[in-house]
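Student: I have a model open in front of me, and I would like to learn how to read its features with some care. Could you take me through them?

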Amino acid sequence: MARPRSLKGRATVVAARLAELYPGTATELCALEHRDPFELLVATILSAQTTDARVNLVTPALFAEYPDAAALASADPDHLEDLIRSTGFFRAKARSLLGMAQALADRFDGQVPPAMADLVTLPGVGRKTANVVRSVAFGEPGLPVDTHVGRLARRLGLTESEDPEVVERDLDALVPPAGRGAFSLRLILHGRAVCTARRPRCPTCVLADVCPSARLDAPVVPAGSRRSARAGGRPGAAGGRRRA
Ligand code: SF4
């Protein structure tokens with residue numbers, strides 16, 4: 001197809017193609033297992049510097065012992081560290097979880113607030129985590145910007161910035177509020193499966209005809225090979241990770 005003339009036009013095509021490739025709502029696309037906003041907030045804090053699969057191995061025992069903010073706020077720090085040790089950075093994460101749970105209990109009646117202005121006052125919660133919780137748990141507009149989202153947004157010419165807050169602002173201007181959470185998750189899935197940091201597989205990419213960074217002469221690394229950064233099967237097909 002002819003390249004869309006405007007940035008918004010390009011963003012619209014990108015969003016539509018990715019929605020076809022990775023179908024589902026933000027809640028269905030989120031790989032962190034959870035039953036409510038509190039569990040998602042805990043899981044998202046734990047997900048820093050590790051995989052969602054690793055977090056999902058840890059959270060069932062954690063949530064069984066600490067099902068809400070009041071329970072987590074009174075957890076023994078050493079025991080909490082033991083429970084989350086395998087996710088890495090476990091001391092800092094335990095401090096964040098305890099502080100976050102205490103803040104929820106003290107200031108929000110034990111409930112996770114949906115407003116960005118409130119979420120970012122919680123220990124261990126920045127805009128990225130807050131946007132995950134807003135979009136996945138509450139269905140509110142929220143566009144988490146991680147390393148994949150930033151890289152793809154720049155390659156697709158949707159932003160020039162390296163600053164996650166500026167990237168978020170630039171993408172917010174191009175993506176309708178209701179679609180922002182799913183758009184972010186789809187960029188992440190595409191960044192893992194196709195548009196990897198080192199070897200973007202442009203010749204097989206569904207965005208190649210509208211992407212200003214496409215290199216159609218690039219060698220294709222087969223999906224599933226050890227050199228491919230794809231983390232598992234067809235990303236979108238594994239959605240719906242809410243625990244029953
Ligand atoms: S065409 Fe290449 S650079 Fe552009 S989004 Fe696809 S894989 Fe990434």
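Tutor: We shall go from the whole chain to one helix and then to the ligand. This is a predicted model, in which local features need pLDDT of at least 70, side-chain atom pairs count only at pLDDT 80 or more, and totals for chains, interfaces and linings use all residues. Residues are numbered from 1 along each chain as its sequence is written.

Student: How many helices and strands are there in the chain?

Tutor: Helices (H or I, at least four residues) and strands (E, at least two) are DSSP runs, numbered from the N terminus. Here the chain has twelve helices and zero strands.

Student: Which residues of H1 are buried, and which are exposed?

Tutor: A residue is buried if 20 or more other C-beta atoms, placed from the backbone, lie within 10 Å of its own, and exposed if 12 or fewer do. An α-helix has 3.6 residues a turn, so residues three or four places apart point the same way. In H1, Arg10, Ala11, Val14 and Leu18 are buried. Seen down the axis of H1, these buried residues fall within an arc of 95° (taken over the directions from the helix axis to the C-beta atoms), so they line one face of the helix. On the other side of H1, Ala16 and Glu20 are exposed, while helix H12 (180-193) is included in what covers the buried residues.

Student: Which residues come nearest to the ligand?

Tutor: A residue is near a molecule if its C-beta atom, placed from the backbone, lies within 6 Å of it. Of the 14 residues around the ligand, Cys195, Pro200, Cys202, Cys205 and Cys211 come nearest.

Methods:
Contact = placed C-beta atoms within 7 Å.
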